[in-house]
Amino acid sequence: MDARSIIAKLRRREVPDAGELAWFAHGLADGSVSDAQAGAFAMAVCMGGLGPEGRAALTLAMRDSGEVLTWNLDGPVIDKHSTGGVGDCVSLVLAPALAECGAYVPMISGRGLGHTGGTLDKLEAIPGVSTQISQDRLAQILAETGAAIVGATTQIAPADKRLYAIRDVTATVESLDLITASILSKKLAASPDALVLDVKMGSGAFMKTLDEARKLAQALTETANAAGCRTSALITDMNQPLAPALGNALEIAEVMKVLTDGQPSPLTEISAELGGVLLSDAGMVGDAQAGRDMIAEVIRDGRAAERFGRMMAAVGGPLGLVEDWARYLPEASVILEVTAQDEGYVTAMDGEALGLAVVALGGGRQVESDVIDPAVGLSGLVRLGDKVSAGTPLAVVHAAREDAAQRAAQTVRAAITIGPAPVPVPELVQERIL
Ligand code: URA
């Protein structure tokens, strides 16, 4: 086999067979396929598509380009993946809640991508927390605390690591086949018994329309189920940030509030919806409603908070985090309130613009080598449908410098539309693919 013949097949709109895709994925992982060949492969897949069978074969090939983890645990291994949004800190609420319900959750997570925040960057806002741990230590933490949120080691789906970097610079990120294989190769490498996908849709998501989100959700669920992992998806609204804060430490603060105050919030609602489906798919409860109630209860009564504290302590976090979380989180030196200039209702929020404002403040990376400032971001964000008058706070900017705060304030004002009459607020769960 050689890379040229596989690329030529794709150029002729033929789909390479599973053996050829496995050969190519191994070549990506061991370096025998060149960057030029990888770029041509990605572009050919983008242009011609692979179809459901080819997509599943590429996913398994990329999963098997590295190690596939195995577990020796006394309960189901389950996981959740989000396609990315703003103020989306669901993983940090859901993972401890699922563990508290008796599941094991080896959640291999990512860093910020574009305008969206990354779970690992958020966790690292907690002093001492390290998300790069060995596979042996991951297995140990999982057995002891039931859940671990960690970065992928170099042994997990190395073909994806290489291809992703090449797609990023060859305008080939936006391919249903490549996105599916990329996401699932990493998730399936942790050998979950069941997986739930939170496919985000709207202004703060990568998929702006329901139709795009539906296509991605269908491709992901079909492929993961074909690979033998029981998988469902919820398409959820991202036309406004999920939590009222964006930025690493600020989102951790929201997570701690949700886990410790027992109050209902969009974050708890989505966590219960996703967790309910997952517990049901894993056979741990009779149906999704029973699962939803179970998740809501362990969040409400503080057991998920206690579990989160143990998870953080296991990866180097402070022992008294849950009791005294505000003391541990970094704070920005410049705090600036952004207020409404007119009276009316919040009718639209440009989530992507808000996310990019946080990146510009230093809360995300513009280039790979950027060092994140965990303290910066936005808090106290209004929600769609809120009534405001001139002077009502729309958000609070947390910045390292006054000029950066002023620029972010301008972006926030432009990103929040105030209209004369309220508009219908989208349902949090738009569609279920079960
Ligand atoms: N996230 C991934 O891991 N891969 C993609 O291709 C897109 C989002």
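In this predicted model, the ligand is surrounded by Tyr164, Val173, Leu178, Ile179, Ser182 and Ile183. By residue class, this shell divides into five nonpolar residues, one polar residue and no charged ones. Helix α9, spanning residues 176-188, gives the most to the shell, with four residues.

Turning to the strands, a helpful reminder comes first. Strands of a sheet pair through backbone hydrogen bonds, and the pairing can be either parallel or antiparallel. One open sheet of the model is made of three strands in the order β6-β10-β8, with antiparallel pairing. Its edge strands are β6 (334-339) and β8 (377-379), each of which pairs on one side only. On average, and with direction ignored, neighbouring strands of this sheet are turned by 25° against each other.

Strand β10 (residues 393-399) pairs with β8 in the antiparallel sense over three bridges. A reader following the structure can find this pairing at Gly377, whose bridge partner in β10 is His398. With β6, the antiparallel pairing of β10 is made through six bridges. Here Leu336 has Val397 in β10 as its bridge partner. Strand β10 is mostly covered, as six of its seven residues are buried. Helix α16 (residues 351-363) lies across β8 and β10, and runs at about 125° to β8.

A further open sheet also has three strands, in the order β9-β7-β11, and its pairing is antiparallel. The edge strands in this case are β9 (387-388) and β11 (416-419), each pairing on one side only. Strand β7, which covers residues 344-349, is joined to β11 by four bridges in the antiparallel sense. Within this pairing, Ala348 stands opposite Thr417 of β11.

The packing of nonpolar residues can be considered next. In soluble globular proteins, nonpolar side chains tend to be buried together. The largest nonpolar core of the model has 152 residues, and those with the most contacts inside it are Val93, Leu98, Leu378, Val397 and Val412. Val397 has already appeared above as the bridge partner of Leu336. For Val93, the contacts beyond its neighbours within four places in sequence are Val255, Val258, Leu259, Leu267, Thr268, Ser271, Ile299 and Ala304.

Leu21, found in helix α2 (residues 18-30), offers a single-residue view of packing. Leu21 counts as buried because it has 25 C-beta neighbours inside 10 Å, where the cut-off for a buried residue is 20 or more. When neighbours within four places in sequence are left aside, Leu21 is in contact with Pro16, Ala57, Leu58 and Ala61. Gln430 is separated from Leu21 by 409 residues in sequence, and the two lie 35 Å apart in space, C-alpha to C-alpha.

Definitions and conventions:
Residues numbered from 1 in each chain as written. Predicted model: local features only at pLDDT ≥ 70, side-chain atom pairs only at ≥ 80, totals over all residues. Pairing = 2+ DSSP bridges. Helix = DSSP H or I, 4+ residues; strand = E, 2+ residues; numbered from the N terminus. Core = buried A, V, L, I, M, F, W, Y, C linked by C-beta atoms within 7 Å. Buried ≥ 20, exposed ≤ 12 C-beta atoms within 10 Å, placed from the backbone. Contact = placed C-beta atoms within 7 Å. Near = placed C-beta within 6 Å. Nonpolar A, V, L, I, M, F, W, Y, C, P; charged D, E, K, R; others polar. Axes fitted to C-alpha atoms, helices over the stretch in contact; angles between N-to-C directions.
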